[in-house]
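Reader: I should like to learn how the features of a protein model are to be read. May we go through them one at a time, with the general idea before the case?

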Amino acid sequence: MHDFARISAQSHNPNQLPSHLIEAEQLAAQNLKPKGNAIGCLKRSKDWVWLFDSSDVEVINPELPPIYTWNNRPKDLKTPNQLYRYNRKLGDKPHGCIRHEGDWLFLYRWEECPIDDESLPPYREYGTAPELKTLTQLLKENLVPRDDAQPRGFFRTWIGVEWKTVWLYHADDCDWEAPDNFLTKGTLRDRARS
């Protein structure tokens with residue numbers, strides 16, 4: 001109890017805490033849990049955080065793949081959300097994980113994830129294929145895809161709470177369509193004067 005009180009008294013400055021103390025949440029992010037009871041506490045804002053001895057821990061799940069952070073994960077490991085964006089299915093087994101919002105987010109090796117929907121055209125990162133245009137870009141050029149035109153690519157973008165698939169077409173698959181010209185009162189007056 002004496003150690004507990006001394007650690008609590010130092011809790012106003014976390015830099016003065018002994019280095020062997022760690023929070024339960026930090027342990028969980030490493031797939032660890034404390035074996036014993038808390039040996040100290042730290043007041044953070046209005047809440048108390050229990051501190052545990054980092055040398056007295058055990059593994060929570062021995063089957064868990066290697067743990068990474070968002071910044072240190074290998075580039076070929078993708079989240080399920082990223083795989084969906086690129087039209088990929090989850091691989092057979094995860095090769096890593098990240099602690100995200102209290103749960104494990106599993107990571108899959110890109111080359112082991114097959115294409116999800118073979119009927120879709122190839123995925124194109126936005127802006128990487130300048131010859132392919134979105135419908136909005138085509139309309140600005142007075143082009144409209146023919147009825148039988150198939151998209152030559154797609155990309156997905158996150159809008160609000162869901163992914164939106166954006167189709168990409170080539171100008172060769174489009175017909176020119178005259179723009180709508182609206183007559184205004186001013187245009188009619190100018191024509192009447194001439």
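Reader: To begin with a single residue, where is the place of glutamate 101?

Author: This is a predicted model, in which local features need pLDDT of at least 70 and side-chain atom pairs count only at pLDDT 80 or more, while totals for chains, interfaces and linings use all residues. Residues are numbered from 1 along each chain as its sequence is written, and side-chain values use heavy atoms, with hydrogens and water left out. Helices (H or I, at least four residues) and strands (E, at least two) are DSSP runs, numbered from the N terminus. Glutamate 101 is found in the loop between strand 8 and strand 9 (103-109).

Reader: What is the phi of glutamate 101, and is the residue buried or exposed?

Author: Buried means under 20% relative accessible area, exposed over 50%, and partly exposed in between (1.4 Å probe, protein chains only). Glutamate 101 has a relative accessibility of 72% and therefore counts as exposed. Its phi is near 50°, a positive value in a residue other than glycine.

Reader: Which loop holds serine 45?

Author: Serine 45 lies between strand 3 (40-44) and strand 4 (47-53). Its phi, near 55°, is positive although the residue is not glycine. Serine 45 counts as exposed because its relative accessibility is 70%.

Reader: How should I read the pairing of strands, and in what order do the four strands of the open sheet lie?

Author: Strands of a sheet pair through backbone hydrogen bonds, either parallel or antiparallel. Two strands are taken to pair if DSSP finds at least two bridges between them. The open sheet has the order 6-8-9-7, with mixed pairing. Its edge strands, strand 6 (67-68) and strand 7 (77-78), each pair on one side only. Strand 6 runs parallel to strand 8 (residues 96-100), with two bridges between them; tyrosine 68 has isoleucine 98 of strand 8 as its bridge partner.

Reader: How many bridges join strand 12 to strand 13?

Author: Strand 12 (residues 153-159) and strand 13 (residues 162-170) are antiparallel and share seven bridges. Glycine 153 has leucine 168 in strand 13 as its bridge partner. Two residues separate the strands of this hairpin, where glycine 160 has a positive phi near 70°.

Reader: What is the radius of gyration of the whole chain?

Author: The radius of gyration is taken over C-alpha atoms, and the globule rule is 2.2 Å times the number of residues to the power 0.38. For the protein chain the value is 29 Å, whereas a compact globule of 194 residues would have one near 16 Å. Along the principal axes, the C-alpha atoms fill a box of roughly 100 × 50 × 20 Å.
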